[in-house]
Each structure stands twice: as structure tokens, then as C-alpha cells.
Amino acid sequence: MRVIYLDVLAGVNLAMDYLILCATARLSGTFATRPRLLLGAAGGAGYAVLSCLPGLELLSSLPIQGLAGLAMVRLAFGGRRAAELARLTLLFWLISCACAGGALALGQVSDASFFAGGGYYIDVPLRVVAATAVLCWVLTGFVFRGQAGDGVRGRQTARVRLEFAGQTAEFTLLVDSGNELADPVSGRPALVLDRRAAARVLPVEAAVPLAGLTSGNAPAVLAALPGACRGRFQLLPYRAVGKESGLLLAFRPDQASRDGKPWAGLAAISPAQVAGGRYEGLIGL
């Protein structure tokens with residue numbers, strides 16, 4: 001009779017699912033914060049534990065595993081369009097199958113079992129699992145470095161850190177050579193943030209009116225902002241393909257950096273997702 005330690009089962013699956021979700025994000029070029037990836041991995045670990053409990057063996061069936069994978073992707077990458085969620089889930093399962101194939105091959109060679117119920121189970125010292133996980137993470141980071149920008153095309157991205165009214169957040173932005181958005185008065189460049197991403201660096205009193213931002217109501221949203229922070233916002237004129245002219249709501253960060261270097265500019269807020277939600281925004285060269 002095989003004895004399964006639930007703490008080992010949970011720990012191994014937490015590490016494996018986190019790495020698989022990270023690989024999914026890297027290969028798809030889809031941004032996800034580490035806490036969200038960890039949340040998805042925790043969901044997978046919880047499922048693995050439940051599938052090994054007496055009377056719940058049905059949870060390890062293939063259809064339930066498919067639904068569990070979809071739930072993990074949803075937890076890790078948040079609310080997205082159905083097509084995007086399906087694409088991420090398919091990639092997640094392809095990577096999972098590759099990992100499972102490797103585990104089965106190791107099992108044939110070592111005559112050991114690497115699965116229990118609906119998850120991975122490796123009955124080896126935790127230090128070995130941790131060292132292997134770190135090694136795999138370093139290798140995947142080296143192999144796929146620069147590929148997360150936009151799938152196989154490997155678009156360039158920039159890591160931007162913004163501080164505003166006591167809030168601080170970091171963003172992964174697409175570097176777009178065609179982005180020439182700037183303040184017409186000062187000439188300062190402006191990056192563009194997805195509305196949901198911008199809410200992470202804005203105080204709650206500003207984020208609430210911004211929830212109703214659309215492509216045509218930027219002046220009205222500016223007027224609805226509380227007076228304490230309204231003076232930090234302004235309107236930026238812009239032109240885009242299919243739109244002769246328009247206005248974007250923008251704010252002036254207290255401090256900003258781009259890839260660790262100081263950056264002086266404005267942050268405009270887009271009511272629409274950037275590249276289907278694959279990026280949190282875009283910035284010029």
C-alpha cells in the first residue's frame with residue numbers, strides 16, 4: 001500500500017503548477033503578476049490534494065482535469081475574452097503534457113511513480129525538488145528570454161515603475177516605435193496604460209470614476225474626478241488608425257522609471273485593452 005503525504009503532494013504541485021503557468025505566460029507573451037500566478041498554482045495544488053482524498057477519486061478523471069486546468073488559467077490570468085482564455089488554456093495543457101511526458105519517462109527509467117490522483121507526486125527530499133525547480137526556471141528564462149513579448153515574434157517590452165499619490169506599481173509595456181503620444185505644450189512623452197492596469201497605481205477615489213471611461217467621455221471623467229487629484233490629470237489629443245482625433249485622460253506620476261532608469265513623462269489611460277490584453281500598455285522607443 002502506497003502512503004501519500006498530503007503536504008508533499010501540495011508542495012510539489014504548487015511548485016510544478018507555478019512553473020507551468022510561468023512558462024505559459026512567457027510563451028504566450030501574456031502578462032500576469034506573480035501573485036496571480038501563485039494563486040492559480042495554489043488552486044492546482046488544492047485540486048491535486050482533493051483528488052487523492054477517499055471518495056473523491058472521480059476528480060482525477062480527464063474531464064475534471066480539463067476543467068481544473070481552465071480554472072487555474074482563469075485564476076492566473078484574470079478575466080479575458082473567451083478566445084484568449086481558450087488559447088491560454090490550450091497552451092497550458094500542451095506544456096503540462098510535455099512535463100507529464102518527461103515525468104513518465106523518468107518513471108520508466110527509475111521505476112518510480114511521479115503521479116498521484118490528479119497531480120504530481122515526487123517522494124524525494126524537498127531540497128532536491130527546490131533545486132530542480134530553480135534550475136528549470138533559470139533554463140527556461142534563458143531559452144525563452146525575449147520571447148514573451150509577442151509569441152514567436154519576440155516583440156520588445158519595457159518594465160515601467162510608476163509612483164502616484166502614495167501608490168506604486170510596475171507594468172510590462174509593449175515598446176511601440178509608432179507611439180509618438182506627447183504633451184503638446186511641454187513636449188514630454190506619454191506612455192499608454194490599459195484602464196484596468198492604471199487602476200493599480202491610482203487612489204481609489206480616482207479609480208472609481210475611471211471605471212466608466214470610454215473612448216469619447218474623457219472630458220466628462222476628468223470633471224468627475226475629486227478635486228484633490230483632478231489637478232494632476234489632463235487631456236492629451238491623439239490620432240489613431242480609424243480615428244481622426246480624440247482625447248485621452250492622462251496623469252503626471254510623482255516618479256517613474258523605465259527598465260530601472262529614470263523616465264520623465266505622462267501616463268495616458270486607454271479605455272481599450274492593448275493588443276487584446278497581452279500587454280498592460282505601450283510606450284515609445
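**Exercise 1. Determine whether Arg 159 is buried, partly exposed or exposed, and describe its salt bridge with Glu 170.**

Step 1. Buried means under 20% relative accessible area, exposed means over 50%, and partly exposed lies in between (1.4 Å probe, protein chains only). Arg 159 has a relative accessible area of 32%, so it is partly exposed. Glu 170 is also partly exposed, because its relative accessible area is 30%.

Step 2. The model is predicted: local features need pLDDT of at least 70, side-chain atom pairs count only at pLDDT 80 or more, and totals for chains, interfaces and linings use all residues. Residues are numbered from 1 along each chain as its sequence is written, and side-chain values use heavy atoms, with hydrogens and water left out.

Step 3. A salt bridge requires a side-chain nitrogen of Lys or Arg within 4 Å of a carboxyl oxygen of Asp or Glu. The side chains of Arg 159 and Glu 170 satisfy this rule at 3.3 Å, N to O. The pair links distant parts of the chain, with Arg 159 in strand β3 and Glu 170 in strand β4 (residues 167-175), eleven residues apart. Helices (H or I, at least four residues) and strands (E, at least two) are DSSP runs, numbered from the N terminus.

Step 4. Through salt bridges that share partners, Arg 159, Arg 161 and Glu 170 are joined into one network. By the same rule the count comes to five salt bridges.

**Exercise 2. Describe the surroundings of Asp 194 and its salt bridge with Arg 196.**

Step 1. Asp 194 belongs to strand β5 (residues 190-194). Its relative accessible area is 7%, so Asp 194 counts as buried.

Step 2. Contact means heavy atoms within 4.5 Å. Leaving aside neighbours within four places in sequence, Asp 194 is in contact with Ser 270, Ala 272, Gln 273, Val 274, Glu 280 and Gly 281.

Step 3. Asp 194 forms a salt bridge with Arg 196, whose closest N and O atoms are 3.9 Å apart. Arg 196 is partly exposed, because its relative accessible area is 46%.

**Exercise 3. Which parts of the chain does the salt bridge between Arg 200 and Glu 280 link?**

Step 1. The side chains of Arg 200 and Glu 280 meet at 2.2 Å, N to O.

Step 2. Arg 200 lies in the loop between α6 (195-198) and α7 (204-210), and Glu 280 in the loop between β10 (266-270) and β11 (281-283). The two residues are 80 residues apart, and the pair links distant parts of the chain.

Step 3. Arg 200 is partly exposed at 32% relative accessible area, whereas Glu 280 is buried at 7%.

**Exercise 4. Identify the geometry of the aromatic pairs Phe 92 with Trp 93 and Phe 164 with Phe 233.**

Step 1. Rings of Phe, Tyr and Trp (its six-membered ring) pair if their centres lie within 6.5 Å; planes under 30 degrees apart count as stacked, over 60 as edge-to-face and the rest as tilted. A search of the whole structure finds four aromatic pairs.

Step 2. Phe 92 and Trp 93 are edge-to-face, at 5.8 Å centre to centre and 75° between the planes. Phe 92 is buried at 2% relative accessibility, while Trp 93 is partly exposed at 26%.

Step 3. Phe 164 and Phe 233 are edge-to-face, at 5.8 Å centre to centre and 80° between the planes. Phe 164 lies in strand β3 (residues 157-164) and Phe 233 in strand β6 (residues 233-240), so the pair ties together parts that are 69 residues apart in sequence.

Step 4. Both Phe 164 and Phe 233 are buried. Together with Phe 251, these two residues form one aromatic cluster.

**Exercise 5. Which residues line the largest cavity, and how are they divided by class?**

Step 1. On a 1 Å grid over the protein atoms alone, a cavity is a set of points where a 1.4 Å probe fits but cannot get out; lining residues have an atom within 4 Å of a point. The structure holds one cavity of 30 Å³ or more.

Step 2. The lining consists of Leu 213, Thr 214, Ser 215, Ala 218, Tyr 238, Leu 247, Leu 248, Ile 269 and Pro 271.

Step 3. Ala, Val, Leu, Ile, Met, Phe, Trp, Tyr, Cys and Pro count as nonpolar, Asp, Glu, Lys and Arg as charged, and the others, Gly among them, as polar. The lining therefore has seven nonpolar, two polar and no charged residues.

Conventions
1 Å grid on protein atoms, 1.4 Å probe; cavity = no way out; pocket = protein on both sides within 12 Å on 5 of 7 lines; lining within 4 Å. Points joined across faces, edges and corners; volume = space filled by probe spheres on them.
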